[in-house]
Amino acid sequence: MKKIILLLVYIILGIIAYSKALGLFFLSDDFLLVYSVKAHGPFGALSNSSWFFFRPVISLSLFFDYKLWGLNPAGFHLTNIVFHCVNSFLIFIVALLLLEKYSF
């Protein structure tokens, strides 16, 4: 239960810290990636010739963001902030487990 509360604290603090990003528009290759997903489906970003990496999770995230938020960049940014916060929390948990295991 404590870990769930801590995860929620991570997410809330992350949203507060990165709240200015919610007001920004798409940047750089975002236009091309969102268009590819819009035009070609969930793995449309993979079919783009300028996309040199196989990143199916990013393609699926873009696809579901497009389906959920449309072309509203704030939704895309919110999803990325939440992913970042969850990953930070997971790294924190791994660090705690390593410290417990290897403490003197």
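# Exercises on a predicted model

A search of the whole structure finds 7 aromatic pairs, where rings of Phe, Tyr and Trp (its six-membered ring) pair if their centres lie within 6.5 Å. The model is predicted, so that local features need pLDDT of at least 70 and side-chain atom pairs count only at pLDDT 80 or more, while totals for chains, interfaces and linings use all residues. Residues are numbered from 1 along each chain as its sequence is written, and side-chain values use heavy atoms, with hydrogens and water left out.

## Exercise 1: a ring pair

Classify the pair formed by Phe25 and Phe31, and state how exposed each residue is.

Step 1. A pair of aromatic rings is described by the distance of the centres and the angle of the planes. Planes under 30 degrees apart count as stacked, over 60 as edge-to-face and the rest as tilted.

Step 2. The ring centres of Phe25 and Phe31 are 5.8 Å apart and their planes stand at 45 degrees, so the pair is tilted.

Step 3. For accessibility, buried means under 20% relative accessible area, exposed over 50% and partly exposed in between (1.4 Å probe, protein chains only). Phe25, at 51%, counts as exposed, whereas Phe31, at 45%, counts as partly exposed.

Step 4. Ring pairs link Phe25 and Phe31 with Phe26 and Phe76 into a cluster.

## Exercise 2: a charged residue and a histidine

Place Asp65 and His77 in their helices, and list what each one touches.

Step 1. Helices are DSSP runs (H or I, at least four residues), numbered from the N terminus. Asp65 is found in helix H3, which covers residues 56–69, and His77 lies in helix H4, which covers residues 73–102.

Step 2. Asp65 is buried yet has no salt bridge, and the nearest side chain of opposite charge, Lys67, is 13 Å away. A salt bridge here requires a side-chain nitrogen of Lys or Arg within 4 Å of a carboxyl oxygen of Asp or Glu; Lys and Arg count as positive and Asp and Glu as negative, while His and the chain ends are not counted.

Step 3. Contact means heavy atoms within 4.5 Å. Leaving aside neighbours within four places in sequence, Asp65 is in contact with Gly70, Gly75, Phe76 and Thr79.

Step 4. His77 is buried as well, with a relative accessible area of 14%, and, not counting residues up to four places away in sequence, His77 touches Ala21, Leu22, Leu24 and Phe25.

## Exercise 3: a nonpolar patch

Identify the residues of the nonpolar surface patch, and describe two of its members, Ile4 and Leu8.

Step 1. Patches are made of residues with over 30% relative accessible area and no salt bridge; like charges are joined within 9 Å, and nonpolar side chains (Val, Leu, Ile, Met, Phe, Trp, Tyr) within 5 Å.

Step 2. Met1, Ile4, Ile5, Leu8, Val9, Ile12, Leu13 and Ile16 form the patch, with about 840 Å² of accessible area together, computed by the Shrake-Rupley method with a 1.4 Å probe, and for residues only the protein chains shown count as cover.

Step 3. Ile4 is found in helix H1 (residues 2–17) and is exposed at 51%. Leu8 is found in helix H1 too, but is partly exposed, with a relative accessible area of 47%.

## Exercise 4: a backbone angle

Locate Ser28 and describe its phi angle.

Step 1. Ser28 lies in the loop between H1 and helix H2 (30–40), and is exposed, with a relative accessible area of 68%.

Step 2. Although Ser28 is not a glycine, its phi is positive, at about 45 degrees.

Technical notes: Helix = DSSP H or I, 4+ residues; strand = E, 2+ residues; numbered from the N terminus.
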